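Visitor: I would like to learn how to read a protein model, one feature at a time. Where should I begin?

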Amino acid sequence: MENSGLLKAGKWNKAAYAKCKDIKGSTLGLIGLGFVGKNVAKIALAMGMRVVAFDPSGKAPEGVELVKSVDEVIAVSDTISLHCPSTSTTKGMINASFLSRCKKDAYLINTARGDLVKDEDLLAHLEANKDFFYAADAWAGEP
């Protein structure tokens, strides 16, 4: 990013970068509350975020608002983080329909499984929505 390059050069343009989205007060939506999801929730709560989650177990850590569907997570989340396994019901769940229901300036984070995402739908959504961001450390077909 431009700001990190300027910082390395010994320059700091605080006014330009103060316009960034703040996570404090924003809503993090978690899809899946396994070990990693629960720990992400704790960190987000400590940073002043509202945390909503969907998990089939129906259990959530203290401070996390458990909702009844993925659609409820999508509707309120500024950032959505995936923490679910790859199953017949989750493969391809991040598709054109899912993405069309996200906020236009949402962040989607996938540290779960690559095959949760339909790559062609994601690419089309990213091209059409310049303020939507995607980050991942998982991809389809990874070993």
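Visitor: Leaving aside its neighbours within four places in sequence, which residues is T79 in contact with?

Guide: Contact means heavy atoms within 4.5 Å. By that rule T79 touches T27, L28, G29, Y107 and I109, when neighbours within four places in sequence are left aside. Before going on, note that this is a predicted model, in which local features need pLDDT of at least 70 and side-chain atom pairs count only at pLDDT 80 or more, while totals for chains, interfaces and linings use all residues. Residues are numbered from 1 along each chain as its sequence is written, and side-chain values use heavy atoms, with hydrogens and water left out.

Visitor: Where is the place of T79?

Guide: Helices (H or I, at least four residues) and strands (E, at least two) are DSSP runs, numbered from the N terminus. T79 belongs to strand β4.

Visitor: How many helices and strands does the chain have, and in what order do they run?

Guide: There are six helices and six strands. Starting at the N terminus, the order is α-α-β-α-β-β-α-β-α-β-α-β.

Visitor: Is T79 buried or exposed?

Guide: Buried means under 20% relative accessible area, exposed over 50%, and partly exposed in between (1.4 Å probe, protein chains only). T79 has a relative accessible area of 10%, so the residue is buried. For the chain, buried residues make up 35% of the 143 residues.

Visitor: T79 touches L28. What is L28 in contact with, beyond four places in sequence?

Guide: L28 sits in strand β1. Its contacts are V40, A44, M49, R50, V51, V52, S77, T79 and S81, with neighbours within four places left aside. L28 is buried because its relative accessible area is 5%. Contact is one reading and C-alpha distance is another: L28 and F54 are 26 residues apart in sequence, and their C-alpha atoms are 11 Å apart in space.

Visitor: Which residue could I take as an exposed case?

Guide: Take K59, which is exposed because its relative accessible area is 60%. K59 is in the loop between β2 and β3. Not counting residues up to four places away in sequence, K59 touches L33 and L66. Its C-alpha atom is 8.0 Å from that of L33, and the two residues are 26 apart along the chain.

Visitor: How many salt bridges are there?

Guide: A salt bridge is a side-chain nitrogen of Lys or Arg within 4 Å of a carboxyl oxygen of Asp or Glu. That rule gives three salt bridges.

Visitor: Which residue does E65 form a salt bridge with?

Guide: The partner is R50, with the closest N and O atoms 2.9 Å apart. This pair links distant parts of the chain, since E65 is in strand β3 (residues 65–66) and R50 in strand β2 (residues 50–54), 15 residues apart. E65 has 35% relative accessibility, so it counts as partly exposed.

Visitor: What does the salt bridge of R101 and D71 tie together?

Guide: R101 and D71 meet with their closest N and O atoms 2.7 Å apart. R101 lies in the loop between α5 (96–100) and β5 (107–110), and D71 in helix α4 (residues 70–76), so the bridge ties together parts that are 30 residues apart in sequence.

Visitor: How far apart are N and O in the salt bridge of K103 and D78?

Guide: The N to O distance for K103 and D78 is 2.9 Å. K103 is in the loop between α5 and β5 and D78 in the loop between α4 and β4 (79–82), so parts 25 residues apart in sequence are tied together. K103 is partly exposed because its relative accessibility is 28%, whereas D78 is buried because its relative accessible area is 18%.

Visitor: What is S26 in contact with, beyond four places in sequence?

Guide: S26 contacts M49, R50 and D78, leaving aside neighbours within four places. S26 is found in the loop between α2 (14–17) and β1 (27–31). S26 has 11% relative accessibility, so it counts as buried.

Visitor: Among contacts between residues at least 6 apart in sequence, what share joins residues at least 24 apart?

Guide: In this chain the share is 60%.
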